[in-house]
Amino acid sequence: MGEYRAPLRDMQFVLNDLGGLGPVSSLPGCADVTAELVEQVLEENARFSEKVLAPLNYSGDVEGCAWHDGQVSTPKGFRQAYEQFVAGGWNALQFPTEYGGQGLPKIVATPVMEMWKSANMAFSLCPLLTAGAVEAILLTGSDALKQAYLPEMIEGSWSGTMNLTEPQAGSDLALLRTRAEREGDHYRIHGQKIFITYGEQDLTENIIHLVLARTPDAPEGIKGISLFIVPKFMVNADGSLGKRNDVRCASIEHKLGIHASPTAVMVYGGNEGEVGEGAIGYLLGEENRGLEYMFIMMNAARFAVGLEGLAISERAYQQALAYARERVQGRDVAGSAGAVPIIRHPDVRRMLMSMKSQVEAMRALAYGVAASTDIARLHADGTERRRHGAFVELMIPIVKGWSTETAIEVASTGIQVHGGTGFIEETGAAQHLRDARITAIYEGTTAIQANDLIGRKIARDGGAVAKGVIALMRATEAELAQAGASDADLAAIKGALAAGVTAWAECVDWVAAQYRSDIVAVHAGSVPFLKLSGIVTGGWQMARAALAAHRHLAAPGASDAAFYRAKIVTARYFAEHVLAQAGGLSQSIRHGATSIMGLDNDQF
Amino acid sequence: MKVLVPVKRVVDYNVKVRVKSDGTGVETANVKMSMNPFDEISVEEALKLREAGAATEVIAVSCGPTACQETLRTALAMGADRAILVETDAELQPLAVAKLLKAVVDKEAPGLCIVGKQAIDDDCNQTGQMLSALLGWSQGTSAYKVTVEGDKLNVVREVDGGLETVVLKMPAVITSDLRLNQPRYVTLPNIMKAKKKPLEILKPDALGVDVAPRLVTLKVEEPPKRKGGVKVPDVQTLVLKLKTEAKVIE
């Protein structure tokens, strides 16, 4: 239940010192994105997140959402907070100015969204799903559909949802059955969708559902899925709201976490609206290309969920740290007059360092990917666009898979710091673990991310893009060797990074070589490989952070020395305690399949 | 009617201030700085007057180093129409600030100045009163509620033991108290617009103001650390100690 304070100092460091903001500011159309502007945007967003969103995090978790006869009410305070959110113009931050957005790049949207997610992850899911739907309409919608739906969705007065999952079609969308029949200029949709985040709510006057369905003559499997736009209320030609469409929320789920985010079962075509039987939907793009469109948007969605992992970890760390400073228990092992705050105990410090160092590594990694996403979209030079685009493709499953799995570990450690108090719900530490748990599941489970990584991102190009990244890591290693000749911290970081990069490189080669000859073994080791990729790329970013901090400290008239020294020590912790696991992971990835696959099914 | 709102750049209210090791002042290097909270309330009140049609233009003014531009940008993002920085690296005491503000008032001819009742760094609570005296304008300090009626201003003031209502003739100086209003959250579109709003830079010399400090700071030190308490066995001992040791009762 602790307060949230946006980590603006570390955010500014990553943006300004690790090369996030600089290259983006010089892109075409980004001249206004100066360090001063970004600082002001982040400060005001921090104020809103800390004072409006964060206080509703715990109360929202306790109260949850309520379903009554097709209507869903969100917890107390959410409506007012959402009104303020829209009035503040925050929903429009990253969208094109053409439809009322502010057109800010992803490198600015990323820290802003991190704050919403840390402050109140359940709340943040509403704008996140709207953003996904807006991207889909921007990508595939006709001009008429764009004009009809985008301005309100970008403003936030209408929300958006994504309807993929059905009871029999989860990770495998080839099995989906919802059907769409042509009727004049529109379609009639029939079917049931589950796990629809914010599928029904009382925050906005209209809800725009994006629905995957099959047309009658569509081919079997994933090549026969189309994407439709289905408004809760029909939109009249003059933009006003018309009849109630035939889509209804049948119930909401009782979940482990994100209680304040309604997860709906949606029924299309139950003849419960005012438009006759079958929900009226409009085709987005072309028939049978729905899944392809979903894949284009998937990077943004998976990145956003990775950011949730970072954000929850930050919140859990802040809460554990506050408790560790305050809780007095036991004497200092090196001797003290009486009981001391537990932050003085070595193992509590180990836990706090493990949380802090992984939070900072995840942030550096995620913001770097955000900057590359902007460069891949906007750079004047096609070679640069492609280079950064390939980097983003490689990194998305790592940011998603590693940051969310790490969040579960960090939130769990946060409870451990609290001891028994952490197990009590009123403390609020447990909520972070419950909220974090979904992040490793939705938008593709960790195994789905790992499959994507080994297959599309490593094996397909023989590890070429990964080897490009490895070359950059080796360059960082060389810089460390030079700067670390007289610095024990940098020397320690260099040693661990070198071993980590070697471990990752041998696994990249192994995945690329074995993918065709022994695919079962590669899949068996895929999740550990994802973890290895995360800690090595994260460790690389922490090494870069240590170098940047070292440069600041060496500069004449250096200021803010405490921050930079802490950064170097934190990077060293990550190197010695997290990166150090790389060798063991490499062993089990390359040699561990035999025991994974060794039993017959009935021997379990 | 123009409304002039002075805004001061101060150490953020969340920061625990530390005295510099040489005792010359408070550490401000690498410390988060923000707009004085009472000045935020002043900006909010001016914006409300504009929104109610009682004011036509809101001008934010700051006196101090270049970095005060950030504070002015915040005022612009809240909704002020334009900003003026009286730029100087010199130490500014309340009298110097009041003189600088008077010079800006002479130039801009506002009908009303809304000044924070005090700044949270030095807590002087002097600038507004000095400005009103220098201008010869009426003043309503520690404002709790402000309403405009024609060329009169009703100001409800927070005073010891309650509220007092004064009627001021305009032009006037108001100093804002904590409960005057709740400052708005800055919106993203207004942050973006603020970049393009005019920010004029003036120098004290050009305004003909001598800002030289009239007071000398001898030394700045932390208040003495609180000593541990003692447990007394009974009320008699407590009363005795309060009389003889603490000397707070007779």
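**Exercise 1. Work out the strand order of the open sheet of chain B, name its edge strands, and give its twist.**

Step 1. In this predicted model, nine strands of chain B form an open sheet in the order β9-β8-β7-β10-β6-β1-β4-β5-β11, with mixed pairing; strands (E, at least two residues) and helices (H or I, at least four residues) are DSSP runs, numbered from the N terminus, and two strands pair if DSSP finds at least two bridges between them.

Step 2. The edges are β9 (162-169) and β11 of chain B, each of which pairs on one side only.

Step 3. From one strand to the next the twist averages 30°, where angles run from 0 to 180 degrees between N-to-C directions and axes are lines fitted to C-alpha atoms, for helices over the stretch in contact.

Residues are numbered from 1 along each chain as its sequence is written, while chains are lettered from A and ligands numbered from 1 in the order in which they are written. Because the model is predicted, local features need pLDDT of at least 70 and side-chain atom pairs count only at pLDDT 80 or more, whereas totals for chains, interfaces and linings use all residues.

**Exercise 2. Find the bridge partners of B:L4, B:A60 and B:I84, and describe the strand pairs to which they belong.**

Step 1. Strand β1 (residues 2-6) of chain B pairs with strand β6 (residues 112-116) of chain B in the parallel sense over two bridges, and B:L4 has B:C113 in β6(B) as its bridge partner.

Step 2. Strands β4 (residues 57-64) and β5 (residues 82-87) of chain B run parallel and are joined by six bridges; here B:A60 stands opposite B:A83 in β5(B).

Step 3. β5(B) also pairs with strand β11 (residues 199-202) of chain B, in the parallel sense and over four bridges, and the partner of B:I84 in β11(B) is B:E200.

**Exercise 3. Place helices α1 and α2 of chain B relative to the sheet, and give the hand of the β-α-β unit.**

Step 1. Helix α1 (residues 37-51) of chain B lies across β1, β4, β6, β7 (138-149) and β10 (172-176) of chain B, and runs at about 150° to β6(B); residues count as in contact if their C-beta atoms, placed from the backbone, lie within 7 Å.

Step 2. α2(B) packs on the sheet by touching β1, β4, β5 and β11 of chain B, and its direction makes about 165° with that of β4(B).

Step 3. Together β4(B), helix α2 (residues 68-78) of chain B and β5(B) make a right-handed β-α-β unit, that is, with the strands pointing away from the viewer, the path from the first strand over the helix to the second runs clockwise.

**Exercise 4. Characterise the contact of α11(A) with α14(A) by angle, hand and residue class.**

Step 1. The axes of helix α11 (residues 382-418) and helix α14 (residues 446-459) of chain A come within 9 Å and cross at roughly 155°.

Step 2. The two helices are therefore roughly antiparallel to each other, given that angles under 35 degrees count as roughly parallel, over 145 as roughly antiparallel, 65 to 115 as roughly perpendicular and the rest as oblique.

Step 3. α11(A) passes α14(A) in a left-handed crossing, in which the near helix is turned anticlockwise from the far one by less than a right angle.

Step 4. Among the residues that meet are A:L394, A:P397 and A:I398 in α11(A) and A:A450 and A:L453 in α14(A). The contact divides into five nonpolar, three polar and five charged residues, where Ala, Val, Leu, Ile, Met, Phe, Trp, Tyr, Cys and Pro count as nonpolar, Asp, Glu, Lys and Arg as charged, and the others, Gly among them, as polar.

**Exercise 5. Determine how α14(A) packs with α16(A), and which residues make the contact.**

Step 1. α14(A) and helix α16 (residues 488-517) of chain A pack at an angle of about 90° with their axes 10 Å apart, which makes α14(A) roughly perpendicular to α16(A).

Step 2. A:I454, A:I458 and A:A459 of α14(A) make the contact with A:V508, A:V511, A:A512 and A:Y515 of α16(A). By class, this contact has seven nonpolar, no polar and no charged residues.

**Exercise 6. Locate B:P171 and A:D69, and state the backbone feature of each.**

Step 1. B:P171 is found in the loop between β9 and β10 of chain B, and the peptide bond from B:M170 to B:P171 is cis, with omega near 0°.

Step 2. A:D69 lies in the loop between β1 (66-68) and β2 (71-73) of chain A, and has a positive phi of about 50° although it is not a glycine.

How values were computed: Two residues are in contact if their C-beta atoms, placed from the backbone, lie within 7 Å.
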